Amino acid sequence: MSAAHLLRHSRKLRSLHNALDCERSGLVRYFSTASGSFPTKGNVLLVSTGAEKRIGGARFPQRKQPGKELETSKVSLGLNGSYTCRRSPNNFIPNTITGLNGSLSCGQIASARSFSSSADLPPHQEIGMPSLSPTMTEGNIARWLKKEGDKVSPGEVLCEVETDKATVEMECMEEGYLAKIIHGDGSKEIKVGEIIAVTVEEEGDIKKFKDYKPSTLAAPVAPSELKAQSEPTEPKVEEREPSKASEPKAPRTEEPSRSGDRIFSSPLARKLAEDNNVPLSSVKGTGPDGRILKADIEDYLAKGGRKEALAAPGLSYTDVPNAQIRKVTANRLLSSKQTIPHYYLTVDTRVDNLIKLRGELNPLQESSGGKKISINDLVIKAAALALRKVPQCNSSWMNDFIRQYHNVNINVAVQTEHGLFVPVIRDADKKGLGMIAEEVKQLAQRARDNSLKPDDYEGGTFTISNLGGPFGIKQFCAIINPPQSAILAIGSAERRVIPGSANGQYEFGSFMSATMSCDHRVIDGAIGAEFLKAFKGYIENPTSMLL
């Protein structure tokens, strides 16, 4: 018999069908922000009248405000039918939605205005750790600029968040009072979306959050976990074999499985242990028969196993904690060397004319109140013009295709006490030397102050690293900054004796070494050589850059 016949002829199924069409209400109201968010697709709470229901990992009771009527509006949602939305004029009353289909999805959010399951707590807004850069998964709280009890307004800075690339100011999105700071100054490794503070609208509600702790039910739920929660699960029935009375039960040991002196472990676990100098004999395996897995090595390292393994007897040392920028730089550069086929091209360029032009331009800059032009500023301009002439080097490998950029955005490596930063000079090929000099000095100062914003370092298409001027390094090979396909390493200028115009005559000249690291998937050897030829032409004939 078909499902349609069952619905028509069965009273019980008809009553069940009617029950499924009952009114559903109590949609949690979310507020999205532009500064940061975390995905909660499908994390929708629907509460039945007179009761409560939890979907997506959080619980919200339905509350009523006597004496206030609900606003009613009808919203058309295409194929899903029309929905009737009712909302109280008071923003603290959740929206009510009824209709044919209760399946809705929320956008990306950073804070949620919610109701506590406890009657002692008034309505409040939980502020989550925002995602302030495309690669950010966790962040640190550098310091709070507001303290508990302070009034906050939209646009005011709440705290400074240390992301994977810089320290960014986090602004308040709504007016209210900062009732509780969950993670204080210096808090480390806070996951994106994890609650860091709570705000309320009424000053008198602040004291009620003195001992507030965020509920685990209110924590962000991953989409995969949501899907798993929404699907009904069948109870698992364990099949047990009858135990034999003649066989005594042996106690389970946590020691690694051994065959003689052999320790069983997975290849990944052995590689990870070898890279971190971890003896397998000191790790307890959790795999089948005590086999050591990759997770066992990671747990061992997380619990301080690395320190024990590397601490030689009688050796004095200090463990320096890695900042977030150091961790991200290490991971990106390691991935670059392991996945990008590097090759290197070096050229020596004579810079006498470049130094002469700089000496002529700087007095003009000083008289007009501008910044002095450095050799590095001239190098940036020459590289930008060379990229415009050889656009194949201004590209990225995208697996199925090569993306060639129309903008020439030059990242400049800046070393600071906080780590390595690469602020970007946008459209460097279209800017004058004076403007480039001004931007480089401003961005370098922000990098030293650890106050770069995402717009200051994202969107680069080519990178220049100069260790010659400040450190006197003659020549070096830099690591490509993905997803870019090349980086130019600039060495110091040195005086050399070179043959003169006539036989037996000699003259002195200043030469600078430039080494280009190329991604062979994108840049063939001849293309890289063509770029360096164009770059050398601009350096040795710098007046052509002014045309």
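**Close-up views around histidine 342**

**View 1. The side chain of histidine 342 and its polar partners.** A polar atom of the side chain of histidine 342 lies 2.9 Å from the backbone oxygen of isoleucine 340, and a polar atom of that side chain also lies 3.2 Å from the backbone nitrogen of isoleucine 480; a polar contact is a pair of N or O atoms within 3.5 Å, where within protein one must be able to donate a hydrogen and the other to accept it, and residues adjacent in sequence count only if both atoms are side-chain atoms. This is a predicted model, in which local features need pLDDT of at least 70 and side-chain atom pairs count only at pLDDT 80 or more, while totals for chains, interfaces and linings use all residues. Residues are numbered from 1 along each chain as its sequence is written, and side-chain values use heavy atoms, with hydrogens and water left out.

**View 2. The surroundings of histidine 342.** Histidine 342 counts as buried because its relative accessibility is 17%, buried meaning under 20% relative accessible area with a 1.4 Å probe and protein chains only. Leaving aside neighbours within four places in sequence, histidine 342 is in contact (heavy atoms within 4.5 Å) with residues including Ala478, Ile480 and Cys518.

**View 3. Strand E27 and its partners.** Histidine 342 belongs to strand E18, residues 342–350, strands being DSSP runs of at least two residues, numbered from the N terminus. E18 runs antiparallel to E27 and is joined to E27 by nine bridges, with threonine 349 opposite methionine 512. Strand E26 (residues 486–499) also runs antiparallel to E27, through twelve bridges.

How values were computed:
Helices (H or I, at least four residues) and strands (E, at least two) are DSSP runs, numbered from the N terminus. Buried means under 20% relative accessible area, exposed over 50%, partly exposed in between (1.4 Å probe, protein chains only). Two strands pair if DSSP finds at least two bridges between them.
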